[in-house]
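Hi,

Here is the structure I said I would pass on. Have a look at it first, and my notes follow underneath.

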Amino acid sequence: MSAAVVALLLGGAGIAITASPAQAAEATFKVKCVPPAGGGDPVEGETTAKVTAPATAKVGDEVEVVWETVKPASNNTDLMDIPKDAVQPTGWITVGGGQAGELKVVGEKKNPPIPKKAPMVMSAMKGKLKLTKAGKVTLTPGKYDVAVTFPFGTFVTKCAPVGEVKGGATIDVTGGSGGDNGGTNNGGANNGGANNGGANNGGANNGGANNGGADNGGANGGSGGQTDFPGKAVAVKFDCGETVPGGITTPVTVNAKKNGGSYDLTVKTAKDAMKAPVPLPKGALKPSMQIKLGGADSGAVKVSGPGNPEPIAQGAGVSLSDMTGTYKPGKTGKVTLSPSDMTIEVTMVAGSAPLSVPCKAATSGVSLELDTVAQEGGSGSPSTTGGTSASGGLAETGAEDEGGIKALALVAGTVILLGGAVFTFTPWRRLRGTR
């Protein structure tokens, strides 16, 4: 084929493309964004969206629609940096005019690293729209979700317009043969179900509340030979009384692995989300937690973890170890697993009695759902507490427990940061004096 022929064909293709050029229109509107459960208060901001679609098309055509975020509604929080390729947006465009419906558009999980307080950066969201009727079809941006994936889990912030949204693209649709009367076709816009690391953006599952009937990101422990059941991260706020002013807020993920008729549970919290202002010896922090059962089963399963494997230097990151336990179903059906009360045992002197810090889960949500089959001697009993505690303070260690008193004396007035909260330990004799 000669160069002239190639040039002619390319020129012809170019003419065909420009016969129906894409056109873009911006819309600026206010939105209210609700973070995941326990992630803070809702915030309001203003965003600018650019919607791109063909200027003209025919009935029966399937066209691509693109939503680009020109101006985000808010910046990243001041809690932590967002890593590269961790943000995946999902939006819903209102289809109006000659055709009514809603088009789901999904972006790639692609972004540069986003420092604390820096503007959010989201990829363009795309979807396919099947045109079914002649006339002017309007495309108006509406609600959207932003899923952010960290090493310890995925969190979805849900944003919705406040008031009427004006602006967006318009397609002039002319008559054509065929035509699909099935309404808005979202085929191809799902992007693999838009399931982001356990957070289903299509169903907008937030904090364990399934708002769209969608399956919670592979967390359904069904049949079919599946053995590993990953849960989704749930932001949990723990109230530790006067011992920890302000409490502890951390994402918690419950994962399960089938083992015969039972499930081996592994519970993870945030890693290196805090700094140690004082040196902590090896094995100083030992966590345990109650995993509350719901749905078909009831009660709770206790999981516990070992102490920190190495000493933690002053200023270094502090992490709670993974906690493990076994769930033996007592009932058949769909069972939910939610993080509940936690206890942290603190041992500053080897061989001394640990100090128990009881923390109640003030907020939580469903992390995992399993399809279970009842086992003999399975769960269904009331939950057990993570340890006996004194009112509003540390657990009883015994008034004559000199080892515990010495350990407390060593950490008197010491402040240990954990999950952004502050632990202040005081001598046991002083605690007894306040009762």
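So, what is in it? Starting with the inside: the largest nonpolar core has 40 residues, and L139 and I171 are the ones with the most contacts within that core. The top contributor is strand β8, residues 135-150, which puts six residues into this core. A second core lies apart from that one; it has 35 residues, including F229, A284, M348 and V357. As a general point, nonpolar side chains in soluble globular proteins tend to be buried together.

I171 is a good place to start clicking around. Setting aside neighbours within four places in sequence, I171 is in contact with A53, P54, A55, T56, A57 and V63, and also with L131, G135, K136, V137 and L139.

Bear in mind that this is a predicted model. Mean pLDDT for the chain is 74, with 68% of the residues at 70 or more. Residues 1-19 have pLDDT below 50, and that stretch makes three contacts in the model beyond near neighbours in sequence. Residues 381-435 also stay under 50, yet the model has 108 contacts for them beyond four places in sequence. I'd keep those two stretches in mind while you browse.

Now the overall picture. The secondary structure adds up to three helices and 27 strands. Of the 435 residues in the chain, 44% are buried. Taking contacts between residues at least 6 apart in sequence, 72% join residues at least 24 apart. The exposed surface of the chain is about 19900 Å², and carbon and sulfur atoms supply 54% of it.

Two polar residues also caught my eye.

- S262 is in strand β17, which runs over residues 262-268. Its relative accessibility is 13%, so S262 counts as buried, the cut-off being under 20%. Leaving out residues up to four places away in sequence, S262 touches K257, T326, Y327, K328 and P329.
- T336 is in strand β23, residues 333-346. Here the relative accessibility is 17%, and therefore T336 counts as buried as well. With residues up to four places away left out again, T336 touches K292, L293, G294 and G295, along with V366, L368 and E369.

And which residues should you pull up if you want the middle of the largest nonpolar core, going by most contacts inside it? L139 and I171.

Cheers

Notes: Residues are numbered from 1 along each chain as its sequence is written. This is a predicted model: local features need pLDDT of at least 70, side-chain atom pairs count only at pLDDT 80 or more; totals for chains, interfaces and linings use all residues. Side-chain values use heavy atoms; hydrogens and water are left out. A nonpolar core is a set of buried Ala, Val, Leu, Ile, Met, Phe, Trp, Tyr and Cys residues joined through side-chain atoms within 4.5 Å. Buried means under 20% relative accessible area, exposed over 50%, partly exposed in between (1.4 Å probe, protein chains only). Helices (H or I, at least four residues) and strands (E, at least two) are DSSP runs, numbered from the N terminus. Contact means heavy atoms within 4.5 Å. pLDDT is the predictor's confidence in each residue, from 0 to 100. Accessible areas come from the Shrake-Rupley method with a 1.4 Å probe; for residues, only the protein chains shown count as cover.
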